[in-house]
Amino acid sequence: MAAGAAPRGSVSKRGIRQTGEVLATFSSATKQDVQTAVKAAKGAFDKWRKTPAPRRGDLLLEAARILRHRKEDLGRTVTLEMGKILSEGLGDVQEAIDFYQYAAGEGRRMFGETVPSELPNKMCLTLRLPVGPVALITPWNFPIAIPGWKSGAALIAGCPILFKPSSLTPLCAAKFVEVLDEAGFPPGVVNLVAGSGSVVGDGLVAHPDVRAVSFTGGVETGRHVYEAAARKMIKVGLELGGKNAIIAMDDANLELLLDGVMFGAFGTAGQRCTATSRLIVHQRIYEQVVGELVERTEKLRVGNPLDEKTEMGPVASPDQEKKVLEYIDIGKKERSKLLTGGRKLKGPAYDRGFFLAPTIFAVGRKARLAQEELFGPVLSVLRAKDYADAVSIANAVKYGLSSSIYTNDLRQAFRAMQDLEAGITYVNAPTIGAEVQLPFGGTKDTGPTDTREAGPTALEEFTYWKTIYVDYSGRLQKAQIDTQRIVGG
Ligand code: NDP
């Protein structure tokens with residue numbers, strides 16, 4: 001394991017087939033561990049930033065190769081630790097592989113610019129430089145992919161990392177860091193600091209030697225991190241979730257729409273920041289869409305996420321289950337109409353886990369179910385009069401991450417690309433399915449718009465621009481001076 005405060009993990013030898021069993025035990029990092037890890041990262045920075053970026057890329061490619069080799073084990077670990085179905089667990093790992101490959105190539109680009117000077121015999125250019133040691137604070141819902149996105153960008157940029165995973169998924173984190181260790185990142189470049197948000201998270205954000213923070217999680221925690229980082233005036237990347245909507249227009253291909261809504265709403269049991277949590281349906285097709293959706297939802301196979309026939313697993317933790325059930329209660333109390341689900345599943349297959357029935361409510365525009373992020377398998381359906389009404393409903397939330405429109409009318413599709421207040425818009429596809437070579441992030445309470453993970457923008461979180469002026473005229477040349485007024489100018 002790389003330098004820093006590594007947790008001691010011991011994987012249980014018992015067969016693990018149901019939730020409630022112990023997977024591994026970890027010690028929680030202390031304040032002193034945070035100091036040790038940051039010191040290791042700081043010590044490694046100079047050598048790492050001077051390592052040519054293509055050589056850093058070679059290490060990322062090696063890590064991608066090892067991830068691929070261990071994909072099955074890592075994917076199963078994701079499923080066992082947080083409960084998403086196995087195909088999604090494997091997809092989680094694949095995203096990290098894809099991003100490491102993409103980021104490795106960035107080592108041979110990392111473009112700056114050459115810009116004309118206003119003076120003769122002078123050259124101007126810009127370079128990207130790494131900011132220094134960076135903290136990566138990650139959630140539990142993509143326990144390999146999100147660390148993969150953040151670390152791939154930071155490492156190729158030349159920043160040593162301090163990786164603080166969610167307390168719910170330390171085993172995935174430890175296995176991911178083992179891969180990086182095996183790939184050969186130098187000591188101190190990769191540091192795992194697993195522990196609580198209040199000790200490790202706060203400790204890292206406040207530490208004077210941590211020069212940027214990349215955070216994914218809930219809005220309130222994100223706001224707290226943003227405030228603490230602002231006091232140090234360091235870079236912060238925040239991705240804080242969404243209340244993502246699909247708009248279904250009356251000319252939509254209904255089969256395509258229903259497939260997309262089921263995948264978007266109930267994939268990963270709705271615990272994706274891009275999950276389809278609202279469906280806004282044109283009034284002309286409302287009854288038909290809702291009827292068919294309920295029918296499909298009631299047939300969804302919920303169960304053991306390791307079983308290949310299962311379509312939806314449990315939610316990740318007792319807290320998640322409690323939160324979703326509370327929202328279901330809120331829905332009932334605020335007189336939203338429960339169309340299906342709305343309960344904890346019971347029976348031998350479910351009693352030891354956090355299994356919820358996939359749920360659909362018909363809701364009003366102001367309902368809390370239409371406004372707040374639940375992060376669970378609950379879809380809120382709203383009725384719209386026309387395109388303009390649908391867009392206004394879609395935009396009437398505090399979040400702005402992902403969005404979608406199903407229509408065969410090109411004019412409507414192109415208008416929606418600009419009208420929807422969100423960092424991502426899909427046309428004829430659900431709100432989930434981001435690809436690593438494109439920018440990922442949102443607007444409004446989803447997070448500040450000046451950073452974007454993934455894609456060519458990924459480097460922004462971890463680098464700053466250095467401007468270089470090279471004067472090869474052999475004499476003092478004065479730019480930005482009114483030469484008319486200077487004697488001998
Ligand atoms: P949090 O925002 O609390 O956790 C995300 C990460 O932040 C975890 O690593 C957590 O550590 C860490 N953290 C907690 N407190 C601090 C702190 N004071 N300073 C720095 N880091 C801290 O989310 P939860 O896991 O509690 O989930 C709550 C809700 O957040 C979900 O129901 C969902 O609505 C939303 N969420 C959004 C995600 C997204 O993709 N945008 C992902 C996950 C959750 P620790 O685990 O130790 O508390």
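Which backbone atom of Gly 197 lies 3.1 Å from the ligand, an N or O atom or some other, and what kind of ligand atom does it face? Select Gly 197 together with the ligand, and you will find that a backbone N or O atom of this residue lies 3.1 Å from an oxygen atom of the ligand. As you go on, keep in mind that this is a predicted model.

**Around the ligand**

Stay with the ligand and add Gly 195, where a backbone N or O atom lies 3.5 Å from an oxygen atom of the ligand. Then select Glu 239, which has a polar backbone atom 3.4 Å from a nitrogen atom of the ligand. Taken on its own, the ligand has 870 Å² of accessible area, and the protein covers 83% of that area. If you now widen the selection to the whole shell, you will have 29 residues surrounding the ligand, the closest being Thr 138, Trp 140, Ser 167, Gly 218 and Lys 323. To see which elements contribute to this shell, colour helix H7 (197–206), strand E8 (212–216), helix H8 (219–232) and helix H11 (318–333), each of which supplies at least two of its residues.

**A buried aspartate**

Next, move to helix H4 (residues 86–106) and select Asp 92, which lies in it. Asp 92 has a relative accessible area of 0% and is therefore buried. A polar atom of the Asp 92 side chain lies 3.0 Å from the backbone nitrogen of Ile 144. Leaving aside residues up to four places away in sequence, Asp 92 touches Val 78, Lys 84, Asn 141, Phe 142, Pro 143, Ile 144 and Ala 145.

**Charged pairs**

Side chains of opposite charge can pair when their charged atoms come close. A search of the whole structure finds 24 salt bridges, and a few of them make good stops on this tour.

Begin with Lys 150 and Glu 453, whose side chains meet in a salt bridge at 3.3 Å, N to O. Because Lys 150 lies in helix H5 (residues 145–157) and Glu 453 in the loop between strand E18 (443–444) and strand E19 (463–471), the pair ties together parts that are 303 residues apart in sequence. Both Lys 150 and Glu 453 are buried.

From there, select Arg 223 and Asp 445, whose side chains meet in a salt bridge at 3.6 Å, N to O. This pair also links distant parts of the chain, with Arg 223 in helix H8 and Asp 445 in the loop between E18 and E19, 222 residues apart. Arg 223 is partly exposed at 35% relative accessible area, and Asp 445 is partly exposed at 24%.

A further stop is the salt bridge between the side chains of Arg 411 and Asp 409, at 3.3 Å, N to O. Here Arg 411 is exposed, with a relative accessible area of 63%, whereas Asp 409 is buried at 18%. Elsewhere, if you select Asp 46, Arg 49 and Lys 50, you will see one network joined by salt bridges that share partners.

**A nonpolar patch on the surface**

Now turn to the surface and select Leu 410, Phe 414, Met 417 and Val 427, which form a nonpolar patch with about 380 Å² of accessible area together. Helix H14 (residues 410–419) provides the largest share of the patch, three residues. Leu 410 lies in this helix and is exposed, with a relative accessible area of 61%.

**Last stop**

Finally, select Ala 388 in helix H13 (residues 387–395), a residue that counts as partly exposed at 48% relative accessibility. Adding Ala 416 lets you draw a C-alpha to C-alpha distance of 9.6 Å between two residues that are 28 apart in sequence.

Notes
Residues are numbered from 1 along each chain as its sequence is written. This is a predicted model: local features need pLDDT of at least 70, side-chain atom pairs count only at pLDDT 80 or more; totals for chains, interfaces and linings use all residues. Side-chain values use heavy atoms; hydrogens and water are left out. Patches are made of residues with over 30% relative accessible area and no salt bridge: like charges are joined within 9 Å, nonpolar side chains (Val, Leu, Ile, Met, Phe, Trp, Tyr) within 5 Å. Accessible areas come from the Shrake-Rupley method with a 1.4 Å probe; for residues, only the protein chains shown count as cover. A salt bridge is a side-chain nitrogen of Lys or Arg within 4 Å of a carboxyl oxygen of Asp or Glu. Helices (H or I, at least four residues) and strands (E, at least two) are DSSP runs, numbered from the N terminus. Buried means under 20% relative accessible area, exposed over 50%, partly exposed in between (1.4 Å probe, protein chains only). A polar contact is a pair of N or O atoms within 3.5 Å; within protein, one must be able to donate a hydrogen and the other to accept it, and residues adjacent in sequence count only if both atoms are side-chain atoms. Contact means heavy atoms within 4.5 Å. A residue is near a molecule or strand if one of its heavy atoms lies within 4 Å of it.
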